[in-house]
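Open the model in your viewer and keep the selection box ready. The stops below run from the whole chain down to single residues.

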Amino acid sequence: MEKELNEEVVLPTDTFASEIDAGLSASPKAISSRYFYDAEGDRLFQKIMQLDEYYLSRAEYAIFDQNKELLLQHFADQGRAFHMMEFGAGDGWKTKVLLHHFVQQHADFDYRPIDISGNVLEELEGSLTNELPSLQVQGMEGEYFEVLSQMQKTDGQRKVVLFLGSNIGNFRQKQAIGFLSTLRASLTDGDMALIGFDMKKDPHVIRSAYDDAQGVTRDFNMNLLRRLNTELGANFDLDRFKHYQSYDPESGECKSYLVSTEEQEVTMQASQAAYHFKKWEPIHVEISRKFDFETINELAASSGFDVVKNLRDKDEYFTDSLWVAT
């Protein structure tokens with residue numbers, strides 16, 4: 001659960017239904033974590049971010065607070081102008097640490113949050129207009145790389161792309177390299193990327209972050225089934241499923257499952273299909289990889305970047321890695 005984008009993913013019902021149908025018909029069953037985020041999912045994720053166990057947001061916020069001047073020096077590079085672009089900015093809670101400092105230092109930049117949700121962008125732009133009226137903000141609605149490809153035709157200023165919250169952890173290694181290589185292809189030499197990585201650490205700390213004592217993460221994951229019932233006419237009985245979390249300290253893969261506690265059949269009106277579950281059969285709903293510096297270096301080198309600097313919080317739980325396109 002790295003998604004600090006805090007957005008509701010709204011897709012045409014037929015696309016939504018076809019993807020869910022494919023995932024529930026597969027063996028093993030799987031549903032993309034992108035579907036966690038309806039209005040109730042957003043509310044529960046905001047609650048997760050306030051939990052003592054969920055260290056990720058606080059750690060990255062601290063990194064920005066401690067390194068805001070250093071980051072400005074790298075981004076601006078002797079006063080040069082730059083576009084700061086962020087994939088899935090959400091409410092901008094962490095990024096505003098940087099924005100406030102950059103404005104106070106009279107940096108020559110603008111801020112361009114990129115998101116598929118126009119509502120999210122409108123709310124963020126409204127809050128920034130109130131907090132930082134002198135900041136140039138241009139929300140860019142659409143898929144990340146479509147927007148970036150359009151930006152290649154702009155004024156030639158440096159682009160600095162932020163991909164925070166360890167959202168990169170939702171990809172396995174090959175997928176991550178593909179994503180980052182596509183990012184690099186949308187940039188020019190000298191452009192930069194700041195990428196958040198949740199690091200390998202005490203396995204008990206990681207497990208607790210994704211399986212908290214209050215059961216908020218359980219409710220967040222179970223809400224996925226509730227969403228399928230409401231929006232696609234499914235008949236999941238939530239009392240017949242359990243949330244289960246695993247962490248493999250060797251691979252760094254933290255995985256979330258919804259497990260059927262009995263043999264049962266679930267139907268879904270939108271797909272006009274039925275899905276059979278064996279007793280204790282899981283639905284895989286998320287992967288959240290944890291990283292070490294060897295893997296970070298491999299990702300950068302494999303996708304056309306050099307690592308400039310790795311910034312860590314005091315507990316060494318989290319790293320924001322600054323890369324330059326080469």
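How much accessible surface does the protein chain have, and what share of it belongs to carbon and sulfur atoms? The accessible surface is about 14200 Å². Carbon and sulfur atoms hold 45% of that surface. Bear in mind that this is a predicted model.

**Whole chain**

Select everything and show it as a cartoon. You should find 10 helices and 13 strands in the protein chain. The radius of gyration is 20 Å, close to the 20 Å that the globule rule gives for 326 residues, so the chain is as compact as a globular protein of that length. Along the principal axes, the C-alpha atoms fill a box of roughly 65 × 40 × 35 Å.

Now colour by burial. Of the 326 residues, 53% are buried. Next, draw the contacts. Among those with a separation of 6 or more, 74% join residues 24 or more positions apart.

Then select the charged side chains. There are 33 positive and 55 negative ones. The centres of the two sets lie 3 Å apart.

**The nonpolar cores**

Which residues have the most contacts inside the largest nonpolar core? Select F75 and F236. This core has 69 residues. Helix α3, residues 56-76, gives the most to the core, with 8 residues.

Stay on F236 and show its surroundings. Leaving out residues up to four places away in sequence, F236 touches L24, L225, L228, N229, F241, V266, F277 and I283. Another core, of 26 residues, lies apart from that one. Pick out some of its members: I114, I168, L187 and W323 are among them.

**Helix α4**

Select residues 95-104, which form helix α4. Of its 10 residues, 8 are buried, so the helix is largely enclosed by the rest of the structure. Highlight the buried set: T95, K96, V97, L98, L99, H101, F102 and V103.

What do these buried residues pack against? Add helices α3 and α5 (118-131) to the selection. Then add strands β2 (82-87), β3 (109-115) and β5 (158-163). Move on to H106, just after α4. Check the backbone there: H106 takes a positive phi of about 60 degrees.

**Strand β8**

Go to E253, in strand β8 (residues 253-260). Is E253 buried or exposed? E253 has a relative accessible area of 17%. The cut-off for buried is under 20%, so E253 is buried.

Show the contacts of E253 as sticks. Beyond residues up to four places away in sequence, E253 touches R172, S246, Y247, D248, I287, S288 and R289.

**Two exposed stops**

Select G156, in the loop between α6 (144-151) and β5. G156 has 64% relative accessibility and counts as exposed. Draw a distance from its C-alpha atom to that of F82: the separation is 9.2 Å. Along the chain, G156 and F82 are 74 residues apart.

Finish on helix α9, residues 216-232, and select T230. At 65% relative accessibility, T230 is exposed. How far is T230 from Y37 in space, C-alpha to C-alpha? The distance is 14 Å, although the two are 193 residues apart in sequence.

Note on methods. Residues are numbered from 1 along each chain as its sequence is written. This is a predicted model: local features need pLDDT of at least 70, side-chain atom pairs count only at pLDDT 80 or more; totals for chains, interfaces and linings use all residues. Side-chain values use heavy atoms; hydrogens and water are left out. Helices (H or I, at least four residues) and strands (E, at least two) are DSSP runs, numbered from the N terminus. The radius of gyration is taken over C-alpha atoms; the globule rule is 2.2 Å times the number of residues to the power 0.38. Buried means under 20% relative accessible area, exposed over 50%, partly exposed in between (1.4 Å probe, protein chains only). Contact means heavy atoms within 4.5 Å. Accessible areas come from the Shrake-Rupley method with a 1.4 Å probe; for residues, only the protein chains shown count as cover. Lys and Arg count as positive and Asp and Glu as negative; His and the chain ends are not counted. The place of a charge is taken as NZ of Lys, CZ of Arg, CG of Asp or CD of Glu. A nonpolar core is a set of buried Ala, Val, Leu, Ile, Met, Phe, Trp, Tyr and Cys residues joined through side-chain atoms within 4.5 Å.
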